[in-house]
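Trainee: I'd love to go through this entry together. Could you take a few questions from me?
Mentor: Gladly, let's have a look.

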Amino acid sequence: MINISSPFTLDDAKKLHAGDNVSISGDIYTGRDAAHKKMTELLSEGKKLPFDVKDQIIYYVGPCPCPPDKIIGSCGPTTSCRMDAYSPILLKEGLRGMIGKGYRSEEVINAMKEYGGVYFCATGGLGALISRSVVKKELVAFPELGTEAIFKLTVKDFPAVVAIDSWGNNLYNIGITKYRR
Amino acid sequence: MKTVKAELIKETVKKMCIEANCNLPEDIYRCIRHGLSIEESSEGKKILSDLIENANYAKEQNMPICQDTGMAVFFVSVGQEVYIDGNLTEAINGGVRDGYEEGYLRKSVVIDPLRRVNTKDNTPAVIHYDIVPGDKIEITFAPKGFGSENMGGLKMLKPSDGEKGVMDFVVKTVEEAGPNPCPPIVVGVGIGGTMEKAALLAKKALTREADSKSEDEYYAAMEEELLHRINSLGIGPQGLGGRVTALGVNIETFPSHIAGLAVCVNIGCHVTRHLTKTL
């Protein structure tokens, strides 16, 4: 198990390899379809992003509404490929990590290799357990998007696996090939 | 003639929304436990045991198992001898509205597929009605997350493609889906009818218990063969490699046309929720 403190640098990213089990602590930002669309629109208009993505991690998640006695509702990862159209632009801006589930496109993997990004997968459908890793939630931008708004989450021991590292090694390909009959 | 008040239907649906999203069905529990006993990958085993722990925690806390509490899909069989006092469709949508609010379930529905503004109450539901003999109303609720919904497929095969064509299409659809639909998955297959009938059958197949068998021995054998082929793909839990890619394959069929062989695959994730109540 490798402990990662977020935000993390290019040097830290280079220490991670596909298949590594990691435990993430620190601040990460939520963002999925609608927030990504808005962020890339801001960049194309030459405007600033709601937060500086340099060395940060974006977690692809749309949490459930928060019950009164909790910090956050169920909050497992969503399918990452829907963000593929936007991720290379954010990686170019310095985004260091992405947490989601499922395949990424060649364009995203090439951008990860070029700018030193890491793609982590969390377990899809583990939303109730993952909510226990969140110790604080703070609205950052786009409240009108509801569950798709950008929140800053302070997490402790958030469990993930390096699915694709900054060299482009891909755990999905490695794992599936190993068990294919 | 039996009278059922719409208000009772609304109240029942509200409770079903919360119960189905917070309590993993017993058949899925069974299948994951069985998966744990046959999985060869240590990462895969860990994921499967995490899924059981997650479902236990969700149940204990009465919180959703998965944050994608889905689009609300219903199969409603209405007995011909039932008089409904009120508006049935409004009652179901009202139950969804109340259930998703009171249960802190996520509202994931947009009012228009292209203009995409959230309805903020998870309505409208997708409701499939059937008129049947008798004096009962049977409501099956199967909320559907879109990580898995997005990975299904439909193909109008030629009759000459036969059994092999159908099986190859099912396996290819699952293989291309890879990790995206949150394996281990449940594979719903609809064969026959028209294009839309096959799609409906595939969805309905996901409301059967994941470890159930078709009553038709021919299709029961095909389910077994497909499960074997799918679990040889190596995709495994979460697509990180392993033996347990699917928990079960359910096939539903309908008579077809002399010129057609429709096949549809609807993939359910490892949180394939289904709950039935009878009024």
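Trainee: Which residue forms a salt bridge with B:Lys277?
Mentor: Keep in mind that this is a predicted model. The closest N and O atoms of the pair are 3.5 Å apart, inside the 4 Å cut-off for a salt bridge. The partner of B:Lys277 is B:Glu19.

Trainee: Where do the two domains of chain B run in the sequence?
Mentor: The assignment puts 146-277 in domain 2 of chain B. Domain 1 of chain B is written in two pieces, 2-20 + 65-143. In the contact, domain 2 of chain B takes part with 12 residues and domain 1 of chain B with 19 residues. So the bounds, which come from a domain assignment, are 2-20 + 65-143 for domain 1 and 146-277 for domain 2.

Trainee: How many residue pairs are in polar contact between domain 1 and domain 2 of chain B?
Mentor: Both residues of a pair must have pLDDT 80 or more to be counted. Between these domains there is also one salt bridge. The polar contact count is six residue pairs.

Trainee: Which element gives the most to the side of domain 1 of chain B that touches domain 2 of chain B?
Mentor: The elements giving two or more residues to that side are α1 (6-22), β2 (73-79) and β5 (137-141) of chain B. That side divides into 12 nonpolar, four polar and three charged residues. With five residues, the element that gives the most is β5(B).

Trainee: How much area do domain 1 and domain 2 of chain B bury between them?
Mentor: Their C-alpha centres lie 25 Å apart. Carbon and sulfur atoms carry 64% of the buried area. The total between the two domains is about 1400 Å².

How values were computed
Residues numbered from 1 in each chain as written. Chains lettered and ligands numbered in written order. Predicted model: local features only at pLDDT ≥ 70, side-chain atom pairs only at ≥ 80, totals over all residues. Heavy atoms only, no water. Contact = heavy atoms within 4.5 Å. Buried area = accessible area lost by both parts, 1.4 Å probe. Salt bridge = Lys/Arg side-chain N within 4 Å of Asp/Glu carboxyl O. Polar contact = N/O pair within 3.5 Å; in protein donor to acceptor, adjacent residues only side chain to side chain. Helix = DSSP H or I, 4+ residues; strand = E, 2+ residues; numbered from the N terminus. Nonpolar A, V, L, I, M, F, W, Y, C, P; charged D, E, K, R; others polar.
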